[in-house]
Amino acid sequence: MGSFSDLRPYVVFCALIASLGAFNNGVNTSSLNIPGDYVRNCPGVAPGVVTYYPNSSLPQCIPMSDWIWGVATGMFAVGGLVGAMVAGPLAERFGRRDSMILMNVSFLIGAALISTSTTSGQFAVGRIFVGIGSGFMTVVISMYIAEISPAKYRGGLGCMLQLLMTIGIFVIEAIGIGLRSAVGWRVATMITIAPMIIQIALLPFCVRSPRWLISKNRIDEARAVMLRLRNGEIEEEFSEMVLGLSSDGGEMDKKTQDSANLKKNGDAVMSSEESLSFLEVIRIPVLLILTIKMMIIHASSQLTGINAIMYYSTSIFSTSFGSDAPYVTLGVGALNIVMTLIGLALVDRLGRKILLIISSAGMCLFGTIMCIALHFEVSALQVVCVMLFVSSFAVGLGTIPFLITAEVYPTYAVGAASSSALVVNWLCNFIIGLIFPTLQAACHEYVFLIFVGIAFVVTVFIAMFVPETKQKSIEELGRHLGWYDLNVREILNKK
């Protein structure tokens, strides 16, 4: 990416504060990974027996069967799906920044419900609420960062979403080692409140998205925001942004372009496209094709087996390391952070497409070796394969789907399109969590061959159909992908 002298620290600050929502996603994803047994089993008594905290009506545990536990924890993905569905409309109505402030309340409600839960039903509803916040944040953060970042640094800044998510997972797992107790699991579920408070307090110091402001005809405010986000001259980028969001798109004449360049006071009102619904997006052929591609990429990030391998790794680590298994799990979390940092450093050099290919091909290779290691019961090789599989995921499919989805759409379509792609992501997350135990019981170690096959198909698909977006402005991508000069109203008015 070269020198960072032309990147204002304020842009990094805004991206970092927005990404605290992803940190909270990571916290809630893994808050019960290590202290989970204490949720279901009270200390010092037989399984299924409930005891209570001294001088309290709260039970020390909530006995659940394996099936009920799987459903209750899986409600997080259901909440994520709901959050992703509402993200587009809320981000368009209230703006990216302000909607993030509003939706933080779901983390508070979820934490309150889970930490005081007395039944599996209350526990599951709490998981839905923290899932709603997490699903919402995965959509809106990537949109916000893509819209405030210079094209040259958009990839690296966009990767902050996944970086903060992996840091959140690592932090909560590190804390979870010390919270393996009847009280500790309730404390672990309340930790989400801390980043929530920090984000609510600091987001007002961040700017609103300039593209969203232009879409609402707040041209002067958008110009002022751009001056805070950029070093030096903004007129060329700002003019192109305004023209790209205008109702006539690329068909505006040179005189109008000069007027946009010179306009300082916003006397003329720009006629911007209204934000499109999902049904309107898919009525536009070029946006429909893009949306299908983005949905496949997001489905791939789940269907290539990352959650399955993490689920299986618990037994692998227990077999190889015994009581030290939680520390090895923590080591995997640290590796995930390191590889995400490597992906962040490479995404604007090698590009999104190359990293996606490396990622899916690596998962295909190490998933194959994993099957061999499981068949011949080579524990050391199993551990190495888990590490390399996670590394492959982190450098590409763990990061880039969120980034590229926010890059390839015009502002009037990005809300609905991003929501639909993330709905697919969370839906596949839920499906894998639901069916993997059954697949594992039926196929044993050969279950990973399913994910190997999917990863191979994904690698071919990315190589053939996914566009490269590195270091291009959203308007440049619009010209390349074919939506820049669309007359949207004319297309939608056709019978």
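User: Why is the contact between Glu92 and Arg96 called a salt bridge?
Analyst: The term needs a side-chain nitrogen of Lys or Arg within 4 Å of a carboxyl oxygen of Asp or Glu. For Glu92 and Arg96 the closest N and O atoms are 3.2 Å apart, so the pair meets the cut-off. Keep in mind that this is a predicted model, where local features need pLDDT of at least 70 and side-chain atom pairs count only at pLDDT 80 or more, while totals for chains, interfaces and linings use all residues. Residues are numbered from 1 along each chain as its sequence is written, and side-chain values use heavy atoms, with hydrogens and water left out.

User: What makes the salt bridge of Arg154 and Glu407 a tie between separate parts of the chain?
Analyst: The closest N and O atoms of Arg154 and Glu407 are 2.7 Å apart. Arg154 belongs to helix H8 (residues 154-158) and Glu407 to helix H22 (residues 400-407), so the salt bridge joins parts that lie 253 residues apart in sequence. Helices here are DSSP runs of H or I with at least four residues, numbered from the N terminus.

User: How do you know whether Arg154 and Glu407 are buried or exposed?
Analyst: Buried means under 20% relative accessible area, exposed means over 50%, and partly exposed is in between, with a 1.4 Å probe and protein chains only. Arg154 has 2% and therefore counts as buried. Glu407, at 0%, is buried too.

User: How do you know which side of the cut-offs Arg40 and Asp66 fall on?
Analyst: These two side chains meet in a salt bridge with an N to O distance of 2.4 Å. Arg40 sits in helix H3 (residues 36-40) and Asp66 in helix H4 (residues 66-94), so parts 26 residues apart in sequence are tied together. Arg40 has 17% relative accessibility, so it is buried. Asp66 has 61%, so it is exposed. In total, the structure holds 14 salt bridges.

User: What makes the phi of Glu377 worth pointing out?
Analyst: Most residues other than glycine have a negative phi. Glu377 is not a glycine, yet its phi is positive, about 55 degrees. Glu377 is in the loop between H20 and H21, and its 66% relative accessible area makes it exposed. Gln471 also has a positive phi of about 55 degrees without being a glycine. Gln471 lies in the loop between helix H24 (448-465) and H25, and at 40% it counts as partly exposed.

User: Why can Val378 belong to a nonpolar patch?
Analyst: Patch residues need over 30% relative accessible area and no salt bridge; nonpolar side chains (Val, Leu, Ile, Met, Phe, Trp, Tyr) are joined within 5 Å, and like charges within 9 Å. Val378 has 36%, so it is partly exposed. Val378 lies in the loop between helix H20 (352-375) and H21. The patch is formed by Ile372, Phe376, Val378, Leu381, Val384 and Leu388, with about 500 Å² of accessible area together. Helix H21 (residues 379-395) gives the most, 3 residues.

User: What makes up the lining of the second largest pocket?
Analyst: The lining divides into 6 nonpolar, 3 polar and 11 charged residues. Charged means Asp, Glu, Lys and Arg; nonpolar means Ala, Val, Leu, Ile, Met, Phe, Trp, Tyr, Cys and Pro; the others, Gly among them, are polar. The largest share, 4 residues, comes from H14.

Key:
Accessible areas come from the Shrake-Rupley method with a 1.4 Å probe; for residues, only the protein chains shown count as cover. Helices (H or I, at least four residues) and strands (E, at least two) are DSSP runs, numbered from the N terminus.
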